[in-house]
2 protein chains.
Amino acid sequence: MKATVHVTLKNGVLDPQGKAVQNALSGLNFSGIEDVRQGKFIELELSETDPEKAHAQVEDMCKKLLTNTVIENYTIEIIKE
Amino acid sequence: MKATVHVTLKNGVLDPQGKAVQNALSGLNFSGIEDVRQGKFIELELSETDPEKAHAQVEDMCKKLLTNTVIENYTIEIIKE
């Protein structure tokens with residue numbers, strides 16, 4: 001079973017990486033870019049076959065390792081095959 | 001108009017970051033993890049209001065700055081408000 005996790009910075013948390021991308025895009029003459037935020041996208045391949053159990057397992061992974069819940073949000077998607 | 005870009009490594013390209021996450025998860029006693037791939041997730045806020053033009057603009061950004069097309073794939077999504 002496949003699971004994907006999107007990790008994004010919470011609103012109000014400064015995103016220097018996103019700002020760097022925004023400045024670089026401006027330097028390449030792209031105009032009209034109001035904001036850029038950069039996050040992580042993690043794809044997991046699990047042997048678990050029950051979607052609910054897989055979701056619970058990935059949620060646990062997010063809390064323990066994948067995200068810093070103080071400054072980051074995460075969304076989990078389970079892809080049924 | 002909001003646009004999101006997913007940047008992922010092409011199949012066959014080694015992903016040391018993903019492997020590190022996989023090993024760390026194993027070290028935390030998570031079992032049944034067959035593969036982990038880590039990519040980037042970029043959110044852009046554009047002043048462009050035409051979805052087709054916005055898509056073309058973001059595609060151009062991907063080719064020029066956001067992705068390394070030799071080893072990375074990207075998917076663009078335009079979010080209509």
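Here is a short chat about the predicted model shown above.

User: Hi! What should I know before reading the numbers?

Analyst: This is a predicted model, where local features need pLDDT of at least 70, side-chain atom pairs count only at pLDDT 80 or more, and totals for chains, interfaces and linings use all residues. Residues are numbered from 1 along each chain as its sequence is written, chains are lettered from A in the order in which they are written, and side-chain values use heavy atoms, without hydrogens and water.

User: Cool. How many helices and strands in chain A?

Analyst: Chain A has two helices and three strands, in the order β-α-β-α-β along the sequence. Both are DSSP runs numbered from the N terminus: H or I of at least four residues for helices, E of at least two for strands.

User: And what radius of gyration does chain A have?

Analyst: Chain A has 16 Å, while a compact globule of 81 residues would be near 12 Å. The radius is taken over C-alpha atoms, and the globule rule is 2.2 Å times the number of residues to the power 0.38. Along the principal axes, the C-alpha atoms fill a box of roughly 50 × 30 × 15 Å.

User: Switching topic: is A:Cys62 buried or exposed?

Analyst: A:Cys62 is buried, because its relative accessibility is 0%. Buried means under 20% relative accessible area, exposed over 50%, and partly exposed in between, with a 1.4 Å probe and protein chains only. B:Cys62 is buried too, also at 0%.

User: How many disulfides, then?

Analyst: Zero, over all chains; a disulfide here is a pair of cysteine sulfur atoms within 2.5 Å.
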